[in-house]
Amino acid sequence: MKFEVLTIFPEIIECYIKHGVLGKALNKGIVEVKVYNLRDFTSDKHKKVDDYPYGGGAGMVMQIEPFYNAIMHLKADEKPRKLVLLSPQGRKFTQKLAQKFMEESKAMVLICGRYEGIDERVKAFVDEEVSIGDYVLSGGELAALVIIDSVVRLIPGALGDELSAVEDSFMKGFLDYPHYTRPEDFKGMKVPEVLLSGDHKKIALWRKRQALKNTLKNRPDLLKNLSPEDMRILKELC
Ligand SMILES: COc1ccc2nc(C(=O)O)sc2c1
């Protein structure tokens, strides 16, 4: 899978993707990330990317021309790609959408705004407008990294054999169970006995109960379409 990121801060993307699962996936050739500086697609000597908003108001707006020039440059190879604008006005990004992107797109262009936003006319050249959540960010780069990270983890082979329980539980529609590692007793804070028992059936049940308990407490909105067994466990918790 290939990601092409349009941004005025390429170093934000380039720094993050070198590490962890993403770094391994890049080294394995499972994923390719190319970052483009929008300033390289300007036509003035100052590489200007923003201007004052028509109609007045605070802040600056990113001009359409660098976005248009960059998108046309990418499209010149006539290869199919999904163009995604990261924006507070976008549809909510979820694990389900990450799965859809992974299954449907061989290449994605992630378009990152800054300042007060971007010229509305850029949206005529994109396929999707996506937001990672209901909070104010300074730009689209963090959102682009969230999408890259979550989509790459879903690519077969990306995680190697350390498939994450987080992956599994979130895909099943609830939060993860608690994790512990050495030491067994840290200043009197002990690891739950069941995790030391070696009884895998008991451990699995404990983990499921804890995951449902966490989800009931912090994200009850995720508790839909539970299996009869999970529903039974949940009822015991209520
Ligand atoms: C100005 O550029 C921005 C500003 C906020 C913002 N918030 C996003 C989100 O995904 O929620 S993308 C994004 C881009």
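Of the 238 residues in the protein, 42% are buried. Keep in mind as you look around that this is a predicted model. The chain is built with eight helices and nine strands, and the ligand sits in the second largest pocket.

**Overall build**
- Taken along the principal axes, the C-alpha atoms fill a box of roughly 70 × 40 × 40 Å.
- If you like to start with secondary structure, you will find nine strands alongside eight helices.

**The shell around the ligand**
- The ligand is surrounded by 14 residues.
- Gly-113, Arg-114, Tyr-115, Ser-131 and Ile-132 are the closest of them.
- Strand E5, which covers residues 82-92, supplies the largest share of this shell, with three residues.
- By residue class, the shell holds seven polar residues, six nonpolar ones and one charged residue.

**Backbone contacts and burial**
- Ile-132 offers a backbone N or O atom that lies 2.8 Å from an oxygen atom of the ligand.
- At Gly-113, a polar backbone atom is 3.1 Å from a ligand oxygen.
- Next to look at is Arg-114, where the distance from a polar backbone atom to an oxygen atom of the ligand is 3.5 Å.
- The protein buries 95% of the 360 Å² that the ligand exposes when taken alone.

Key. Residues numbered from 1 in each chain as written. Predicted model: local features only at pLDDT ≥ 70, side-chain atom pairs only at ≥ 80, totals over all residues. Heavy atoms only, no water. Near = heavy atom within 4 Å. Polar contact = N/O pair within 3.5 Å; in protein donor to acceptor, adjacent residues only side chain to side chain. Areas by Shrake-Rupley, 256 points an atom, 1.4 Å probe, with all protein chains shown as cover. 1 Å grid on protein atoms, 1.4 Å probe; cavity = no way out; pocket = protein on both sides within 12 Å on 5 of 7 lines; lining within 4 Å. Sits in = over half its atoms within 2 Å of the grid points. Helix = DSSP H or I, 4+ residues; strand = E, 2+ residues; numbered from the N terminus. Nonpolar A, V, L, I, M, F, W, Y, C, P; charged D, E, K, R; others polar. Buried < 20%, exposed > 50% of the residue type's maximum accessible area, 1.4 Å probe, protein only.
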